[in-house]
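Please open the structure in your viewer and keep the sequence panel beside it. The tour below goes from stop to stop, saying at each one what to select and what is to be found there.

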Amino acid sequence: MDLYWASEMHSWSRPVYALGWAFVAGVVFIAYLETVEAVRRKHSLRSRQDKERKRLTERIQNVQRTRQAMEKESHTWRGFAYYHVVRKVVHGDSGICSFYLQPRDQRLGLPPFHPGQHLKFQFTIEGRPEPIVRRYSLSDAVNGKYLRISVKLAKPPRDCPDVPPGLGSSFLHQEIKVQEGEFLQGCLLVAPPNGSFYLEPLGIEPVVLIGGGVGVTPVLSMFNTILKENPAREVWFFYGIRNSKEDILSEQGVLFPQAREIIKLHKNLHLYTSYSRPLEGDATRLESKPEVYGKGRIDIGLLKQLLPSKHFKFYICGPDAMMAQLVDDLEDWGVPSEHLLTERFGPVKKTRMGAGPAKIKFRQTGIEAAFSDEDGFILDLAERMGVSIPNDCRSGSCGTCQIGIVTGKVCYPRKPSFRYSPNHCLTCCSVPDGDLELDA
Ligand SMILES: Cc1cc2nc3c(=O)[nH]c(=O)nc-3n(C[C@H](O)[C@H](O)[C@H](O)COP(=O)(O)OP(=O)(O)OC[C@H]3O[C@@H](n4cnc5c(N)ncnc54)[C@H](O)[C@@H]3O)c2cc1C
């Protein structure tokens with residue numbers, strides 16, 4: 001009976017076992033195939049990543065080599081050198097003209113510069129005994145062909161319509177007449193690129209660039225350089241103007257060639273233009289492309305709405321009030337002040353009170369004076385007391401007025417863009433923070 005049962009069991013269970021084994025083998029085989037596929041995918045992903053990394057490294061090395069070669073070939077110079085204006089572009093009704101410059105002495109080559117830096121010019125104006133000095137930011141990337149500046153004509157202020165327009169900008173807009181491809185007879189005197197408001201183009205940290213009105217020029221140079229040399233970097237570029245009449249970025253040749261295509265290809269690149277007072281005709285543009293055009297000012301609300309986080313380095317240039325508000329609001333949002341860099345085009349206005357009355361001693365001249373809030377900045381007091389301190393931009397951009405601090409401290413109502421040396425101060429935009437002795 002038992003034998004019969006055993007043999008019965010044996011006879012029907014054999015195919016079941018076989019099926020079981022076949023099933024197990026199938027599962028093992030499928031698992032094997034999947035493992036092989038996963039390994040293959042991992043290898044191909046890694047090799048793609050390796051290729052991409054290699055390509056990027058080669059690209060960075062190429063750019064570095066080109067830059068080094070350009071730096072070797074080009075010479076900077078002391079003082080002023082003559083430059084031809086080889087091209088002048090009037091940007092519609094924006095009141096801005098771009099000037100393309102090349103050295104008169106071709107052997108000089110073009111100077112290297114960091115995107116965001118500016119040039120200093122000396123203009124001789126008819127009827128004025130002394131030449132005037134003005135600064136203009138470079139508005140394009142390093143390109144080995146020309147230097148470009150973009151200048152807004154400084155119209156008389158609304159509250160004094162009878163005063164003359166700005167001297168330097170009028171000289172450039174009106175006196176410089178260039179036919180395409182023709183050199184201007186006569187030249188501009190230009191000092192080498194300078195300034196601490198600049199960006200390391202090959203860096204990897206994500207950046208936000210904000211340009212208001214003609215203040216777009218230094219950040220435009222930064223953006224064009226990133227498009228050209230490092231388009232994998234995360235960049236948010238905000239451009240604030242009143243309306244399409246002022247929109248120089250939408251003009252041919254202002255942005256790096258194929259900029260819009262490069263931006264479309266790279267999800268990490270963003271360009272957003274905001275019109276504070278759009279014209280009727282701007283409605284179509286605003287409605288059809290809400291991801292790139294908006295209405296209103298560039299303010300903290302807009303930044304919080306569009307930026308994925310506050311973890312960016314911010315480069316801001318525009319009207320004083322806009323910059324001051326943005327810096328305050330970004331600080332309140334928690335952006336560290338070392339990540340907030342600004343450039344001022346005009347003299348610093350003392351918007352916040354200084355640290356209160358103090359005594360300032362100028363060591364070299366032996367002159368002592370009491371400083372109060374009405375004195376403006378240290379440089380203003382020094383000039384009143386007859387202490388001579390070389391100065392130039394009076395906006396904290398050039399560093400000419402930097403002097404040593406012997407004892408004491410200063411504070412800056414608005415952070416200057418020039419990176420002054422330790423134990424030194426920029427007298428054009430600082431006030432004493434208690435009694436102070438200066439090396440002047
Ligand atoms: C680092 C830096 C970078 C800069 N980059 C740029 C740039 O890229 N593009 C740009 O356009 N500018 C730039 N600037 C500003 C530029 O240097 C000049 O300040 C600007 O062009 C005005 O100079 P101006 O000679 O035309 O005007 P100014 O002669 O200095 O006159 C300034 C204003 O005063 C008015 N004015 C004249 N007389 C009187 C009076 N009696 N009372 C009251 N008002 C009067 C004029 O109408 C004018 O509006 C930059 C400045 C700095 C510091």
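The stops that follow go from the domains to the ligand, then to three helices and two loops.

**The domains**

Bear in mind from the start that this is a predicted model. Begin by colouring the protein chain by domain, taking residues 81-194 as domain 1, residues 207-343 as domain 2 and residues 358-438 as domain 3. If you then look at domain 2 and domain 3 together, you will find that their centres, taken over C-alpha atoms, are separated by 34 Å. The contact between these two domains takes 5 residues from domain 2 and 4 residues from domain 3. On the side of domain 2 that touches domain 3, strand S12 gives the most, with 3 residues, and the residues of that side divide into 2 nonpolar, 2 polar and 1 charged.

**The ligand and its shell**

Next, select the ligand together with the 30 residues around it, among which Val163, Gly166, Gly168, Ser169 and Thr217 come nearest. Two strands and a helix, namely S4 (132-137), S5 (147-152) and H2 (167-175), are the elements that give two or more residues to this shell. If you colour the shell by class, you should find 14 nonpolar, 11 polar and 5 charged residues.

**Helix H3**

Now move to residues 216-229, which form helix H3, a run of 14 residues that reaches 20 Å from its first C-alpha to its last, close to the 20 Å expected at 1.5 Å a residue. Is this helix enclosed by the rest of the structure, or open to the outside? Of the 14 residues of H3, 13 are buried, so the helix is largely enclosed by the rest of the structure.

Within H3, select Val219, which is buried, with 30 other C-beta atoms within 10 Å. When residues up to four places away in sequence are not counted, Val219 touches Leu209, Ile210, Gly211, Phe237, Tyr315 and Cys317. For a view across the model, draw a line from the C-alpha of Val219 to that of Ile360, which is 141 residues apart from Val219 in sequence and 37 Å apart in space.

**Helix H7**

The next selection is helix H7, residues 320-333, whose 14 residues reach 20 Å from the first C-alpha to the last, close to the 20 Å expected at 1.5 Å a residue. Which residues of H7 are buried? They include Met322, Met323, Leu326 and Leu330, and these lie on the same side of H7 because they cover an arc of only 90° around the axis. It may help to recall that an α-helix has 3.6 residues a turn, so residues three or four places apart point the same way. Turning to the other side of H7, you will find Ala321, Asp328 and Asp332, which are exposed.

To see what covers the buried residues of H7, add strand S7 (207-212), helix H6 (300-306), strand S11 (313-317) and strand S12 (340-343), which are included in that cover. Ala324, also found in H7, is partly exposed, with 17 other C-beta atoms within 10 Å. From Ala324 to Thr342 there are 18 residues in sequence, while the two are 9.3 Å apart in space, C-alpha to C-alpha. Just after the helix, select Gly334, which follows H7 and has a positive phi, near 110°.

**Ile300 in helix H6**

Keep H7 on display and select Ile300, whose place is in helix H6. Leaving aside its neighbours within four places in sequence, Ile300 is in contact with Leu326, Asp329, Leu330 and Trp333. Ile300 is partly exposed, with 14 other C-beta atoms within 10 Å. A line drawn from the C-alpha of Ile300 to that of Glu205, 95 residues apart along the chain, spans a separation of 21 Å.

**Two loop residues**

The tour ends in two loops. In the loop between strand S8 (235-241) and helix H4 (259-265), select Gln258, where phi is near 60°, a positive value in a residue other than glycine. Gln258 is exposed, with 11 other C-beta atoms within 10 Å.

Lastly, go to the loop between strand S16 (410-411) and strand S17 (424-426), where Asn423 is found. The phi of Asn423 is near 60°, a positive value in a residue other than glycine, and Asn423 counts as exposed, with 9 C-beta neighbours inside 10 Å.

How values were computed. Residues are numbered from 1 along each chain as its sequence is written. This is a predicted model: local features need pLDDT of at least 70, side-chain atom pairs count only at pLDDT 80 or more; totals for chains, interfaces and linings use all residues. Helices (H or I, at least four residues) and strands (E, at least two) are DSSP runs, numbered from the N terminus. The expected span of a helix is 1.5 Å times one less than its number of residues. A residue is buried if 20 or more other C-beta atoms lie within 10 Å of its own, exposed if 12 or fewer, and partly exposed in between; C-beta atoms are placed from the backbone. The arc is that of the directions from the helix axis to the C-beta atoms. Two residues are in contact if their C-beta atoms, placed from the backbone, lie within 7 Å. A residue is near a molecule or strand if its C-beta atom, placed from the backbone, lies within 6 Å of it. Ala, Val, Leu, Ile, Met, Phe, Trp, Tyr, Cys and Pro count as nonpolar, Asp, Glu, Lys and Arg as charged, and the others, Gly among them, as polar. Domain bounds come from an automatic or database domain assignment.
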